[in-house]
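Me: I would like to learn how to read the main features of a protein model. Could we go through them one by one?

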Amino acid sequence: MAVYDPKSMKADEFINDGEILETLAYAEAHKNDAELIDRLLEKARPKKTDTGCVCAGLTHREASVLLACEIPEKVARMYEIAEEIKLAFYGNRIVIFAPLYLSNYCVNGCVYCPYHLKNKHIPRKKLTLEEVRAEVIALQDMGHKRLAIEAGEDPVHNPIEYILDCVSTIYSVHHKNGDIRRVNVNIAATTVENYRKLKEAGIGTYILFQETYHRKSYEELHPTGPKHDYAYHTEAMDRAMEGGIDDVGLGVLFGLELYKYEFAGLLMHAEHLEAVHGVGPHTISVPRVKKADDIDPAAFDNGIDDETFIKLAACIRLAVPYTGMIISTRESEQVRQRMLQVGISQISGASRTSVGGYTEAERPHDTEQFDVSDQRTLDDVVRWLMESGHIPSFCTACYREGRTGDRFMSLCKNGQILNCCHPNALMTLAEYLEDYAGPETKALGYRMIEEELKRIPKEKVRAIAEQNIRDIRSSNRRDFRF
Ligand code: SAM
C-alpha cells in the first residue's frame with residue numbers, strides 16, 4: 001500500500017488515499033471543537049510585519065477541519081478572514097481574462113464533457129490560424145489582454161505544433177490599440193519536452209484541472225483515451241515544472257466526487273508542489289459541472305449547493321493565501337458576487353465556450369463545452385466590478401517582467417502590491433476605459449482611478465502612474481508597467 005509522502009514524485013504517494021481518509025475522519029471528529037477552530041482561524045489570519053504582511057496558511061488537515069465545521073459564527077469568521085487575506089495580498093484588484101477555444105476534437109472518453117469521442121452528433125471544429133486571428137481581433141475589440149486557450153486532446157488534430165502556432169499567432173495580432181499580452185494554456189497532460197516548448201513560446205500559466213483526486217472515480221470518469229492514466233495526469237504539473245514552467249494552475253471539477261475528499265487532495269497537491277519545487281500553484285480554479293450538449297449535471301451525485309461552494313472557496317483562501325483564485329462564467333452573477341468577497345482574484349468575462357464563438361454575432365451553442373451562466377458583456381462585468389469597489393485589472397506585468405513562480409510570491413509577501421500591482425491595474429484600466437468602455441463605465445472608471453491613485457504610498461510611483469494615465473488619455477501610447 002502506498003505511504004503518504006508529499007516529496008514523492010509518485011501520484012499515489014503525494015495524493016495519498018489513506019492520508020485523505022484519515023484527514024476526513026480527523027476533520028469530522030474535530031468539526032465542533034471550537035477551541036481548535038479558533039486556533040486555526042488565528043493561525044490563518046494575516047499578520048502585519050515591518051515590510052508588509054504575512055500569512056501562515058493551513059495544512060490540508062487543518063483546513064479540512066474548517067471545511068467540516070458547521071458552527072455559524074466560526075463560518076462567518078472564516079469568510080471575514082478570507083476577505084482580509086485577499087485584500088492583504090491582492091488588494092481590491094480583480095484580474096480579467098477570457099477563454100479561447102481552439103479545437104473540440106478529442107480522443108478521450110470523459111463522461112462529463114460533451115467533447116468526448118463517442119459524441120457523434122456534436123460538430124467537430126478546429127480553428128485555422130486565420131480564424132484564430134479573427135477570434136483574437138474580436139477579443140481585443142472587447143478589451144481583453146489575457147487569454148486562456150483551450151483544446152481537446154487529439155494528437156492528430158491538435159498536436160503540440162498546432163498549439164504553438166496558435167500561441168504565436170495570438171501574440172502577433174495587434175489590432176488598433178489592442179494586443180494579447182499573456183496566453184495561459186489549458187491542454188491535456190503532456191511530456192516534459194512539450195512543456196519546454198510551451199515555455200519557450202512564452203505562455204503564462206499552464207492550467208490542468210485534476211477533475212477528481214479520487215483514483216477509482218477518476219478511472220471510471222475517464223474510461224477511455226490517454227486521459228484514463230491517473231498517474232500520468234496527476235504528475236503532469238511536476239513535468240511542467242521540469243520543463244521550466246513555474247506558474248501552474250490547479251483545479252477540481254466539483255460535482256464529480258465528494259467535495260471534502262477533493263478539497264484535501266487539492267491542498268495536498270499544492271503542498272507537494274511547494275515541497276518539491278519550492279513554489280506552490282500560481283492559481284486554483286473552482287469549476288462546477290454544468291449542463292452541456294449530451295451532459296446532465298444531475299447524473300453526477302456529488303453536486304454542491306451555493307453555500308457549500310462559497311465555504312469551500314473561503315477555506316482554500318485560508319489554506320493557500322498567496323495563490324490566485326479563479327472563478328469562471330460557469331457561475332451566475334450572484335454566485336460570482338459572493339465569491340469575490342471570499343478571496344477570488346481572477347474572473348473571466350464575456351466568455352464563449354464554443355470553437356469560433358467570438359466572431360459570431362449571436363452566441364453559438366453547437367460546439368459549446370458547457371452552458372455559460374454569466375452572459376454579460378465585458379463592459380457590464382467591468383462596471384459591475386467597479387460598482388462593488390473592485391478594480392478591474394488587465395495587468396500582465398509580472399510575467400512579462402519575469403516575476404513568475406517564487407519571484408511573484410515574494411512580491412506578494414513583501415507588501416509591494418500597492419506600489420506595483422495597484423498602479424499597473426489602474427494604468428491597464430485606463431487603457432480599457434479609453435479604448436473600449438461605454439460612456440457610463442468610462443465615467444465611473446475615471447472617478448475610481450482618481451480615488452485609487454491617492455492610495456499609492458510612494459510619491460514617485462504615484463507621479464509616474466499619473467503621468468502615464470495622462471498619456472493614455474491624450475495619445476495612443478499604451479502598455480506602461482512597473
Ligand atoms: N482537454 C483538456 C484536458 O484534458 O485537461 C482541458 C481543456 S477542457 C476544454 C477544460 C476543462 O473544462 C476540463 O478540464 C473540465 O474540468 C471542464 N469541463 C469539461 N466538461 C465540463 C462541464 N460539463 N461543465 C463544466 N466544466 C467542464
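Me: How many nonpolar, polar and charged residues does the shell around the ligand have?

Reply: The model is a predicted one. By class, twelve residues of the shell around the ligand are nonpolar, three are polar and six are charged.

Me: Which of the 21 residues around the ligand come nearest?

Reply: Those that come nearest are Cys-113, Ala-188, Phe-209, Lys-290 and Phe-370.

Me: Into which domains is the protein divided?

Reply: There are three entries in the assignment: domain 1 covers 13–87, domain 2 covers 89–375, and domain 3 covers 415–474. The centres of domain 2 and domain 3, taken over C-alpha atoms, are separated by 30 Å.

Me: How many residues of domain 2 and domain 3 are in contact?

Reply: As a general idea, the size of an interface is often given as the accessible area lost when the parts come together. Here the description is by residues: seven of domain 2 are in contact with nine of domain 3. On the side of domain 2 that touches domain 3, two residues are nonpolar, three are polar and two are charged.

Me: What does the protein look like as a whole?

Reply: The protein has 20 helices and eleven strands. Its radius of gyration is 22 Å, and the globule rule gives 23 Å for 482 residues; the two values are close, so the protein is as compact as a globular protein of that length. Along the principal axes, the C-alpha atoms fill a box of roughly 65 × 55 × 40 Å. Of the 482 residues, 50% count as buried. As for contacts between residues at least 6 apart in sequence, 77% join residues at least 24 apart.

Me: How is the span of a helix checked, and what should helix H12 span?

Reply: The general idea concerns regular geometry: an α-helix has 3.6 residues a turn, so residues three or four places apart point the same way. Helix H12 (residues 259–277) has 19 residues, which at 1.5 Å a residue should span 27 Å; its end C-alpha atoms are 27 Å apart, in agreement with that value. After H12 comes Gly-278, with a positive phi near 75°.

Me: Which residue that is not a glycine has a positive phi of about 55°?

Reply: For background, most residues other than glycine have a negative phi, and most peptide bonds are trans. In this model, Ala-350 has a positive phi of about 55° although it is not a glycine. Ala-350 is placed in the loop between S10 and H15. It counts as buried because it has 23 C-beta neighbours inside 10 Å, the cut-off for burial being 20 or more. Asp-479 is another non-glycine residue with a positive phi, of about 65°. Asp-479 is found in the segment after helix H20 (459–474), and with 16 other C-beta atoms within 10 Å it is partly exposed.

Me: Where does Glu-368 lie, and is Glu-368 buried or exposed?

Reply: Glu-368 lies in the loop between strand S10 (346–348) and helix H15 (378–387). Glu-368 counts as buried because 23 C-beta neighbours are inside 10 Å. Leaving out residues up to four places away in sequence, Glu-368 touches Ala-292, Thr-353 and Ser-354. Val-342 is 26 residues from Glu-368 along the chain, and their C-alpha atoms are separated by 29 Å.

Me: How should separation along the chain be read beside separation in space? For instance, what separates Pro-281 and Gly-249?

Reply: The two separations are best read side by side. Pro-281 and Gly-249 are 32 residues apart along the chain, and 5.7 Å separates their C-alpha atoms. Pro-281 is in the loop between H12 and strand S8 (283–285), and it counts as buried with 23 C-beta neighbours inside 10 Å. Beyond residues up to four places away in sequence, the residues that Pro-281 touches include Val-248, Gly-249 and Thr-323.

Me: What are the corresponding values for Gln-334 and Asp-379?

Reply: Gln-334 and Val-156 are 178 residues apart along the chain, with 41 Å between their C-alpha atoms. Gln-334 is in helix H14 (residues 333–340) and counts as exposed, with 11 C-beta neighbours inside 10 Å. Asp-379 and Leu-117 are 262 residues apart in sequence and 37 Å apart in space, C-alpha to C-alpha. Asp-379 is in helix H15, and it is partly exposed, with 19 other C-beta atoms within 10 Å. Setting aside neighbours within four places in sequence, Asp-379 is in contact with Ala-437, Gly-438 and Thr-441.

Note on methods
Residues are numbered from 1 along each chain as its sequence is written. This is a predicted model: local features need pLDDT of at least 70, side-chain atom pairs count only at pLDDT 80 or more; totals for chains, interfaces and linings use all residues. Domain bounds come from an automatic or database domain assignment. Two residues are in contact if their C-beta atoms, placed from the backbone, lie within 7 Å. Ala, Val, Leu, Ile, Met, Phe, Trp, Tyr, Cys and Pro count as nonpolar, Asp, Glu, Lys and Arg as charged, and the others, Gly among them, as polar. A residue is near a molecule or strand if its C-beta atom, placed from the backbone, lies within 6 Å of it. Helices (H or I, at least four residues) and strands (E, at least two) are DSSP runs, numbered from the N terminus. A residue is buried if 20 or more other C-beta atoms lie within 10 Å of its own, exposed if 12 or fewer, and partly exposed in between; C-beta atoms are placed from the backbone. The radius of gyration is taken over C-alpha atoms; the globule rule is 2.2 Å times the number of residues to the power 0.38. The expected span of a helix is 1.5 Å times one less than its number of residues.
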